[in-house]
Structures are given as structure tokens and as C-alpha cells.
Amino acid sequence: MQNICFNLSQAHNYGTAFYEFLALRKRFFVDQLGWDIPHDDDVEMDQYDNPKAYYSLVLRDGKVIAGIRAMSTTSRWGSHSYMLRDAVDGKLGGIPADIIPSATVTPDVWEATRVVISDEVTTQAERSLCLSLILDGVVEEAKAQGAVEIMALCPPVFARTLRQIGYDVGIIGAPYVNDHDGRRYVAMSMPAECKAPAHVAKQALPQSTHLPQPQPVHAAPVA
């Protein structure tokens, strides 16, 4: 397995990885869970897939098998900010406005969304490793830009899973039941720092077909 991280200005350096992530999201959130979110026959993509977003993906044998999207809570794109803030502002149907006590707007805090792991990852050990790798990628990106905390809307069981892989997560809101899939979700927050538990082995990772190509000298990444 291999982790890659990028924003939209860098996505072309990783071949079809970004598109594969959108396709993986469609298969899980739309086809399996039945969410009523923007999609076509192949991919799922919404208003938060914009130049403010960063992506942390896991590849196995050159294929995307897991991923997560993240952005700073200071992000704005058109009339949207980040998902939990838009929910608090009443802009998102299906997520209650009191999902968190108040909407944070600070470069110190990032939000992570669209966490997904492929059904092709079948063992608990591999799924834990996938989750650890995508979170480590997001944490490193967030820390590089000064963030110290990451929050997300997840099933409550994620809290225990995140603690098991080394992240000191806490619940920051009341759970609610999603109208589309009937599952419970709750807002969580964790420091942008992994305790790196010994039982999560982050082994040497094989090469991938999505390795970045050399950057043109005139195309510096957008901060």
C-alpha cells in the first residue's frame, strides 16, 4: 500500500487517482448507502471538491482503495465554506443545524470528509492500515499549514477505531440519524498528531503507477 496527497493543482501528477477516488465514493455513498448527493453513472463529486480541498489516498498495485478529503475551516468557495459550517448555517439538508455547538473558523482546525475504504480491502488489519495511512497523510498536510486539530462527521464506532490507530479523538456534538441510510453519525475532533501505536505496522510501501511526474518549473503548487 502507498499513500499519496495532493490538491487539485497537483492532481494531474497522479494519473487517474483523483477520478478513481470519485468513482470509489460513488460506489460506496451512492450505490451502497443510497445517499442523494451529486453524481453520474461513474463518479460522485460535490461543492467541496474545489481548489481549497486536499486529498489523501491509498493505492494498492496502482489502484485507489481508500481515500479522504480535507480542507481548512477558513475555506470558502462561492457560497460554501466547509461541510459542518454549512450545516450549522442551514445550507445542507439532512444534517441538523445543531450538529456542533458552533462553527469554527480558524487555520488551526481542518475538516475531513468523504472517508471511504474499498470493499476489496477485506481484512480488519488491512482496513486499519488504510485508515491510518489516509489520516497520516491528511495530518501531515494540515500540520504543514499550521493546523493543530482535525474534525469530521463519522459513525460513532469510528471513535474507537481512531483511538486504536493512535488518534486521541473526542465527540464534539450529538449524534443524528441520516435519512438516506438510517445510520447514526456524530461530529468528532482529534489533535493533528498520531501516537503511532506499536500494533499498527506501517510497512515499506511498494511502488505505484500513480507516482508523481516531475513538476514543470513554471507550475508551482497552489498553497
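This report describes the salt bridges and the internal cavities of a predicted model.

## Salt bridges between pairs of residues

The predicted structure contains 10 salt bridges, and three of the pairs are described here one after another. In one of them, the side chains of Lys26 and Asp31 come together with a nitrogen-to-oxygen distance of 3.0 Å. The two partners differ in their surroundings, because Lys26 has a relative accessible area of 11% and is therefore buried, whereas Asp31, at 47%, counts as partly exposed.

Another pair joins Arg60 to Glu126, with 3.5 Å between the closest N and O atoms. This salt bridge links distant parts of the chain, since Arg60 belongs to strand β2 (residues 54-60) and Glu126 to helix α3 (residues 124-144), 66 residues apart. Arg60 is partly exposed at 22% relative accessibility, and Glu126 is also partly exposed, with a value of 26%.

Lys63 and Glu120 form a further salt bridge, in which the closest N and O atoms lie 2.8 Å apart. Here too the pair connects distant parts of the chain, for Lys63 sits in strand β3 (residues 63-72) while Glu120 sits in the loop between β4 (109-117) and α3, 57 residues apart. Lys63 has a relative accessibility of 37%, so that it counts as partly exposed, and Glu120, at 42%, is likewise partly exposed.

## A network of charged side chains

Some residues are joined in a wider arrangement: Arg25, Glu44, Asp46, Asp49, Arg69 and Arg114 are linked in a network of salt bridges. One of these residues, Arg69, appears again in the lining of the second largest cavity.

## The largest cavity

A search of the whole structure finds 3 cavities of 30 Å³ or more, and the largest has a volume of about 120 Å³. Its lining is made up of 15 residues, among which Leu135, Ala152, Cys154, Leu162 and Met190 lie nearest the centre.

Several elements take part in this lining, as β4, α3, β5 (149-154), α4 (158-164) and β8 (184-191) each supply at least two residues, and β5 gives the largest share, with 4 residues. By class, the lining of the largest cavity has 14 nonpolar residues and 1 polar residue, but no charged ones.

## The second largest cavity

The second largest cavity has a volume of about 40 Å³, and the residues that line it are Tyr48, Arg69, Met71, Met83, Glu111 and Thr113. The elements that give two or more residues to this lining are β3 and β4. Sorted by class, the lining of the second largest cavity has 3 nonpolar, 1 polar and 2 charged residues.

Technical notes
Residues numbered from 1 in each chain as written. Predicted model: local features only at pLDDT ≥ 70, side-chain atom pairs only at ≥ 80, totals over all residues. Heavy atoms only, no water. Salt bridge = Lys/Arg side-chain N within 4 Å of Asp/Glu carboxyl O. Buried < 20%, exposed > 50% of the residue type's maximum accessible area, 1.4 Å probe, protein only. 1 Å grid on protein atoms, 1.4 Å probe; cavity = no way out; pocket = protein on both sides within 12 Å on 5 of 7 lines; lining within 4 Å. Points joined across faces, edges and corners; volume = space filled by probe spheres on them. Nonpolar A, V, L, I, M, F, W, Y, C, P; charged D, E, K, R; others polar.
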